[in-house]
Amino acid sequence: MNDPIIELDVHGMTLSQACVAIDAALRRSKGAYRIRVIHGYHGGTALRDGIRGRYGANGKVIRIELGLNPGQTDLILREF
């Protein structure tokens, strides 16, 4: 995949399912500098908090950007 931003919608997934999808996106992220994970927030924050906790310490992720939309988390893979 050569898109600079990979957008991944994990609405309705469990944390485990979302992590499998994010891990797959990380493996195929060649050329991308950001993975935008859309998790929503109206149904609670367990998915959001789990993703931010797990990938904040991931070696492939430089940092996490929260942005203005509380329903998404951007995983920064490299500086643009």
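In this predicted model, Ala57 is located in the loop that connects α2 to β3, the strand spanning 63-65. Ala57 has a relative accessible area of 67%, and because exposed residues are those over 50%, Ala57 counts as exposed. Between Ala57 and Gly71 there are 20 Å in space, C-alpha to C-alpha, while the two are 14 residues apart in sequence.

Gly71 also belongs to the surroundings of a second loop residue, His39. His39 sits in the loop between β2 (34-38) and α2 (46-55). With a relative accessible area of 5%, His39 is buried, because the limit for that term is under 20%. Leaving aside residues up to four places away in sequence, His39 touches Val10, His11, Leu47, Arg48, Ile51, Arg52, Pro70, Gly71, Gln72 and Thr73. With Thr73, the side chain of His39 also forms a polar contact of 2.8 Å.

Ile51, one of the residues that His39 touches, leads to the nonpolar interior. The largest nonpolar core has 18 residues, of which Ile22, Ile35, Ile51 and Tyr55 touch the most other members. Two or more residues of this core are given by each of β1 (5-9), α1 (15-27), β2 and α2. The largest share comes from α1, which supplies six residues.

The contacts of Ile51 itself can be listed in the same manner. Not counting residues up to four places away in sequence, Ile51 touches Val10, Leu15, Ala18, Ile22, Val37, His39 and Gly56. Val10 is thus in contact with Ile51 and also with His39.

Terms used:
Residues are numbered from 1 along each chain as its sequence is written. This is a predicted model: local features need pLDDT of at least 70, side-chain atom pairs count only at pLDDT 80 or more; totals for chains, interfaces and linings use all residues. Side-chain values use heavy atoms; hydrogens and water are left out. Helices (H or I, at least four residues) and strands (E, at least two) are DSSP runs, numbered from the N terminus. Buried means under 20% relative accessible area, exposed over 50%, partly exposed in between (1.4 Å probe, protein chains only). A polar contact is a pair of N or O atoms within 3.5 Å; within protein, one must be able to donate a hydrogen and the other to accept it, and residues adjacent in sequence count only if both atoms are side-chain atoms. Contact means heavy atoms within 4.5 Å. A nonpolar core is a set of buried Ala, Val, Leu, Ile, Met, Phe, Trp, Tyr and Cys residues joined through side-chain atoms within 4.5 Å.
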